Amino acid sequence: MSTSTTPRNSSSSTPEDPTLSGLHQFIQDNRPPRDATHEAHAHKLALQVAHNLRFQHGWTEIRLHYHPSRQQATAHSLPRPVISGLPPQRLYMHSDEQIEVLQRQREQGKAGWPEVAPEREWVVPSQLQESWTLRRFGEVFDALSAVPAEKEGGRLHCANAIQLDGDEGLEITGNGSGSGAGSPSNGTPEREGTVTSNGNGHAPNKWRTGQPKRVLLATLDDDSTVVYYIVHDGIVKPRQN
Amino acid sequence: MPNVLFSTIRRPPPKSDDMSGSKPSSAVSAPVPIYLVAHRYMLYDIDTVLALRRDHHIIGTLIGTLPQSPQQNVFCGLPLELMPEEARLLVEEGVAYVVDDVQAHKQGFLDRGLSGEERKMYVNALQRQGADAGRVTRIRAAERKERGLAQQRQKQARKDLNKSTIEGADTQTEDGDEIPSNTLADPTCTTETGSVSTETDKTVNEEDDAQGHDSLFTSREDSISAREGSRSATPVSVRSLRHKLTVPDDEIQPITPTTSYPPLPQHPNKDAPPLPTLPLPTVPTSYPLFKFLHSRGYFLAPGLRFGCQYMAYPGDPLRYHSHFLCNGLDWDQDFDLMELVGGGRLGTGVKKGFLIGGEEQEGKPRAFCVEWSGM
């Protein structure tokens, strides 16, 4: 049961410890990069949320970010590690966008709801007992761009899981804001049949850039359940539910 | 003796053609006074209330009991109570000014406002109103009594009629011309049982009064009043009541005037010493958020119903549901994530967003909206 640190750019060689749970193994397999300044518990929290996203909700292309988005020039640090990923279905649609989609459907003479591409989302992990301030929310928003860039952040390693498309087992690259250098695959393979909103040179959805930024706040409770809330950086009217 | 509230009923202000303009109605002169009574900010004038709602999207809360339905508080009337935030915002914008109501009344009535003569005239006017009220009440009571008696008589007559027809009585029923019209307040009582005559009354009824109409009415009254032991010992007919000029002292009803304007001048006297200017109303720390949302055109109402500070409506509350449950905080104020979660879930459950916000820097408010993601 040696817990030696995993060498950086090789596929996992951590011996699997059968006494550890899947989550524990996952946390062990993913060490933080050396230049990350966050505390260990913040990193583990992020990993636990990432694990939940991957295995409970089927998110793909999950990346961990330790530095502010390159677009955000003014932000100097990211207060805590942040996750970005692609949900299996579209997670949030503004009510006005919904109206627009329905109108377009009507104009084209189609019925029902069209296929809408999922959009990449930010996830900010947190524990339910934490106390936050408005300032911390402000800092988190200021450090993140409106749309998570595909090439930023480090990917996660998952030893014994069924690999979903586009999430080949690769380790976390050195610096979170790296350009994905050193990753053998040429970008993540696209999922069949869908059009990603910010890949392949597609223009970003105008609803994404025109509306205030949003993140998903993940709240981890003591019973290891994680519940997600959408937080908008501005005044956004609620959706119809 | 019930207190009678008499209000000066004014005609509604003329409808202005320019509905889109933001000019206040001509009936309201800016800035308007907000009356501070025991740390509450009140408005009593309906024109002011409407103007504030229309032009400045300030709603307030109606807290007055409706005289038509006093035993409920779902619907209330004037006066309107303003939140301290609303009052402060209006003062800051120069739309209104705060008046210490107690001080103003003391000064107006006692110190210098009214001379002894004016005061006496006012008191006499109130007394005359009270006498009128007393008379009207008395007349109404007598009319009610009459109607009750007529109904009772009809019932009795019907019973007798049934009895007489069953017994095969041969008293011919004629139309009830016997019953003189002016003893009964409303002649409609006789239409249904018009065939019933007083003869059946007289023959069968115990309280036999074969006398004239006056005594028919009065003797009944007498007997009834004797039974009930009513106040008025002397029987009076409605007709005589109408012409009574002098009202006994115990029937003058006390009047509570609802406006101070008849005795006090509508606009303050120039020579009078000015009332001390009050400081701005004290507001909680959520005031910057209130101001921010107000500047975005939202109508804000107290949020006690949902456990938050304000409810933000995108338009008039009579037309829209609220969009947000708002909590204003200091930028560095700690709050439990559980509160955010609770607010977010509650909001999602009632189709509203949960909004928290504060001032990031002086004059730069910022807000965040929370809703459940569905995951």
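How many residue pairs are in polar contact across the interface of chain A and chain B? In this predicted model, the rule finds 15 such pairs, counting those in which both residues have a pLDDT of 80 or more. The report below describes the two chains, the interface between them, and several individual residues.

## The two chains

Chain A contains 5 helices and 7 strands. Along the sequence of chain A, these elements follow the pattern α-α-β-β-α-β-β-α-β-α-β-β. Chain B has 10 helices and 13 strands. The table sets out like values for each chain.

| Chain | Residues and buried share | Exposed area | Carbon and sulfur share of exposed area |
|---|---|---|---|
| Chain A | 241 residues, 51% buried | about 11700 Å² | 50% |
| Chain B | 375 residues, 36% buried | about 23100 Å² | 54% |

The contacts within each chain can also be described by sequence separation. In chain A, among contacts between residues at least 6 apart in sequence, 70% join residues at least 24 apart. In chain B, 62% of the contacts with a separation of 6 or more are between residues 24 or more positions apart.

## The interface

The contact between the chains takes 36 residues from chain A and 37 residues from chain B. The area buried between chain A and chain B is about 3100 Å², and carbon and sulfur atoms give 62% of that area. On the side of chain A, Leu134(A), Tyr229(A) and Ile235(A) lose the most area to chain B; together they account for 26% of what that side buries.

Charged side chains also take part. Between chain A and chain B the count is 4 salt bridges. In one of them, the side chains of Arg366(B) and Asp142(A) meet, with a distance of 3.2 Å from N to O. Several elements of chain A each supply at least two residues of the side that touches chain B: the strands β3 (121–127), β4 (131–132), β6 (214–220) and β7 (226–232), together with the helix α4 (134–143).

## Individual residues in chain A

Arg208(A) lies in helix α5 of chain A, which spans residues 206–210. Is Arg208(A) buried or exposed? Arg208(A) counts as buried because its relative accessible area is 5%, under the 20% limit. The side chain of Arg208(A) reaches the backbone oxygen of Arg120(A) at 2.8 Å. Leaving out residues up to four places away in sequence, Arg208(A) touches Glu119(A), Arg120(A), Glu121(A), Ala146(A), Val147(A), Pro148(A) and Arg214(A).

Leu20(A) is found in the segment before α1 (22–29) of chain A. With a relative accessible area of 26%, Leu20(A) is partly exposed. Apart from neighbours within four places in sequence, Leu20(A) is in contact with Gln25(A) and Gln28(A).

## Individual residues and a helix in chain B

Ser322(B) has its place in the loop between β9 (310–313) and β10 (324–328) of chain B. A relative accessible area of 4% makes Ser322(B) buried. A polar contact of 3.0 Å joins the side chain of Ser322(B) to that of Lys352(B). Residues up to four places away aside, Ser322(B) touches Met311(B), Ala312(B), Tyr313(B), Lys351(B) and Lys352(B).

Helix α2 of chain B covers residues 84–92. Within this helix, Glu85(B), Glu86(B), Ala87(B), Arg88(B), Leu89(B) and Leu90(B) are buried. Following α2(B) comes Gly94(B), whose phi is positive, near 80°.

## Cysteines

How many disulfides are there over all chains? The count comes to 0 disulfides. Why is Cys308(B) not bonded to the closest cysteine? The sulfur of Cys308(B) is 6.5 Å from the closest cysteine sulfur, in Cys326(B), and this is too far for a bond, because a disulfide requires the two sulfur atoms to be within 2.5 Å. Cys369(B) is likewise in no disulfide; the nearest cysteine sulfur to that of Cys369(B), again in Cys326(B), is 8.2 Å away. Cys308(B) counts as buried at 9% relative accessibility, and Cys369(B) is buried with a relative accessible area of 2%.

How values were computed
Residues are numbered from 1 along each chain as its sequence is written. Chains are lettered from A and ligands numbered from 1 in the order in which they are written. Side-chain values use heavy atoms; hydrogens and water are left out. Buried means under 20% relative accessible area, exposed over 50%, partly exposed in between (1.4 Å probe, protein chains only). Helices (H or I, at least four residues) and strands (E, at least two) are DSSP runs, numbered from the N terminus. Contact means heavy atoms within 4.5 Å. Accessible areas come from the Shrake-Rupley method with a 1.4 Å probe; for residues, only the protein chains shown count as cover. Buried area is the accessible area (1.4 Å probe) that two parts lose on being put together, summed over both. A polar contact is a pair of N or O atoms within 3.5 Å; within protein, one must be able to donate a hydrogen and the other to accept it, and residues adjacent in sequence count only if both atoms are side-chain atoms.
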